[in-house]
Number of protein chains: 2
Amino acid sequence: MPSHAHSHKKVIDLEAKSIELLKANGLSVTAPRKMILSLLLKEHGPFSAEEIFKKLPKYSCDQATVYRCLNQFVETQLVNTAYLEKELAHFEFNDPQHHHHHIICKLCKKIDSFHDCILDKIETNLLKKGYKDIQHRLEFFGVCETCQKA
Amino acid sequence: MPSHAHSHKKVIDLEAKSIELLKANGLSVTAPRKMILSLLLKEHGPFSAEEIFKKLPKYSCDQATVYRCLNQFVETQLVNTAYLEKELAHFEFNDPQHHHHHIICKLCKKIDSFHDCILDKIETNLLKKGYKDIQHRLEFFGVCETCQKA
DNA sequence: ATTACTTTGCAAGTAGTTTGCAAAAATATT
DNA sequence: AATATTTTTGCAAACTACTTGCAAAGTAAT
Ligand SMILES: [Mn+2]
Ligand SMILES: [Mn+2]
Ligand SMILES: [Zn+2]
Ligand SMILES: [Zn+2]
């Protein structure tokens, strides 16, 4: 089988998968939403909104549309956010089967990821990987009792 | 002993403690730095830069100075940051003896804190406290091997 | 096809934060 | 204590990431 046909098949699959996910989450199917979601399915990220915008075919949609789509994906939990650099959100497809976290180098900003989810163990593993001067930031988000009543 | 004298003593203690901390961290002692650090020692936070600015005596320093001081405190690790709301940094004094994390209500934005540091246990405890629809975000920060060499 | 509703591009606006620069304050040197 | 050197500050302007109003274009239900 020619590799060209193979990669074309993959694109179709991503598009089909995107359409399915959009519909399943009550979002209408538009060109920008399909493109952005396909991209996040294909490349794992996490990516900033600008990185995503630049990865899209030129002039294919506006940067404001990228932000709007990403916000909708976050609302529907199709996409997760990470705040790794100050003032700059990063986005990636939320695959609950592959829950994971990130480490960013304080100097070169390279982002690495890991699947462990217990803090001491994570820190030991990161030390083994050669990281130094490790810090972490852990925040929880939920709805408090007061707000559940109101 | 009159309570007035007592509270005055406390203020002196905070100022003395601030001066000590500034010097220990190689920062020169200035009025804004003393005021901001004293405030963070007195009230735990976490507070946004604007909240801190508004808590200071009126016209006592510029908002840009508050940002500059907070950034220096973060660099020297006197202060920790939390990114609880999108695009809005929160700051609090970093007391290594009282390592803890935060939960923010998705609706009313009220910030609560807890000292547990293992994820499953934390989530169980938060459920017991009455929170619903809990998510978490955990990021690590460190210096990678490549950057240590360079 | 027609209708009702949603989304988009564009340009302008906003929030939070940073920066250049001259004046003022803090520290080091004499 | 006076002076020199270095650092910090206030102010205004700039900047970055992100959002929004609105008219035109697209989507989806009938
Ligand atoms: Mn990831
Ligand atoms: Mn706290
Ligand atoms: Zn690095
Ligand atoms: Zn609440």
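This is a walk through a predicted model of two protein chains and two DNA strands, one selection at a time.

**Stop 1: chain A by itself**

Hide everything except chain A and colour by secondary structure. You should find 6 helices and 6 strands. Trace the chain from its start and the order reads α-α-β-α-α-β-β-β-β-α-β-α. For a sense of scale, the C-alpha atoms of chain A fit a box of roughly 50 × 45 × 30 Å along the principal axes.

**Stop 2: the two domains of chain A**

Now give residues 1–94 one colour and residues 99–150 another: these are domain 1 and domain 2 of chain A. Put a pseudo-atom at the C-alpha centre of each domain, and the two centres are 24 Å apart.

How many residues of each domain are in contact with the other? On the domain 1 side of chain A there are 8, and on the domain 2 side there are 6. Together the two domains of chain A bury about 580 Å², with 65% of that on carbon and sulfur atoms. Look for salt bridges between the two domains of chain A and the count is 0, while residue pairs in polar contact number 4.

To see where domain 1 of chain A touches domain 2, select β2 (79–85) and β3 (88–93) of chain A, the elements that each give two or more residues to that side. The largest share, 4 residues, belongs to β2(A). By class, this side of domain 1 of chain A splits into 4 nonpolar, 2 polar and 2 charged residues.

**Stop 3: chain B against chain A**

Bring chain B back. Here 43 residues of chain B are in contact with 43 residues of chain A. The size of an interface is often given as the accessible area lost when the parts come together. For chain B and chain A that area is about 4500 Å², 59% of it on carbon and sulfur atoms. Show B:Arg137, B:Phe140 and B:Phe141 as sticks: in chain B they lose the most area to chain A, together 20% of what that side buries.

What about salt bridges and polar contacts? Between chain B and chain A there are 0 salt bridges, but 31 residue pairs are in polar contact.

Next, highlight β2 (79–85), β4 (101–105), α5 (119–128), β6 (132–143) and α6 (145–149) of chain B; each supplies at least two residues to the side that touches chain A. Which of them gives the most? β6(B) does, with 12 residues. Colour this side of chain B by class and you get 22 nonpolar, 11 polar and 10 charged residues.

**Stop 4: DNA strand C**

Switch on DNA strand C and select the protein around it. There are 22 residues, and A:Arg33, A:Thr65, A:Arg68, B:Val29 and B:Tyr67 come nearest. Sugar or phosphate holds 75% of the strand C atoms within 4 Å of the protein, and bases hold the rest.

Three side chains are good places to zoom in on phosphate oxygens of strand C:

- A:Thr30, with a polar side-chain atom 2.8 Å from a phosphate oxygen.
- B:Asn71, with a polar side-chain atom 2.9 Å from a phosphate oxygen.
- A:Ser28, with a side-chain N or O atom 3.4 Å from a phosphate oxygen.

Zoom out to the elements: α2 (31–42) and α4 (63–75) of chain A, plus α4 (63–75) of chain B, each give at least two residues to the surface near strand C. α4(B) has the largest share, with 4 residues. The classes here are 8 nonpolar, 7 polar and 7 charged.

**Stop 5: DNA strand D**

Finish with DNA strand D. It has 20 residues around it, and those that come nearest are B:Thr30, B:Arg33, B:Asp62, B:Thr65 and B:Arg68. Of the strand D atoms within 4 Å of the protein, 77% are sugar and phosphate.

Zoom in again on phosphate oxygens of strand D:

- B:Thr30, with a polar side-chain atom at 2.7 Å.
- A:Ala89, with a polar backbone atom at 3.1 Å.
- B:Ser28, with a side-chain N or O atom at 3.2 Å.

At least two residues of the surface near strand D come from each of α4 of chain A, α2 (31–42) of chain B and α4 of chain B. Select α4(A) last: its 4 residues are the largest share. Coloured by class, this surface shows 6 nonpolar, 7 polar and 7 charged residues.

Notes: Residues are numbered from 1 along each chain as its sequence is written. Chains are lettered from A and ligands numbered from 1 in the order in which they are written. This is a predicted model: local features need pLDDT of at least 70, side-chain atom pairs count only at pLDDT 80 or more; totals for chains, interfaces and linings use all residues. Side-chain values use heavy atoms; hydrogens and water are left out. A residue is near a molecule or strand if one of its heavy atoms lies within 4 Å of it. A polar contact is a pair of N or O atoms within 3.5 Å; within protein, one must be able to donate a hydrogen and the other to accept it, and residues adjacent in sequence count only if both atoms are side-chain atoms. Ala, Val, Leu, Ile, Met, Phe, Trp, Tyr, Cys and Pro count as nonpolar, Asp, Glu, Lys and Arg as charged, and the others, Gly among them, as polar. Domain bounds come from an automatic or database domain assignment. Contact means heavy atoms within 4.5 Å. Buried area is the accessible area (1.4 Å probe) that two parts lose on being put together, summed over both. A salt bridge is a side-chain nitrogen of Lys or Arg within 4 Å of a carboxyl oxygen of Asp or Glu.
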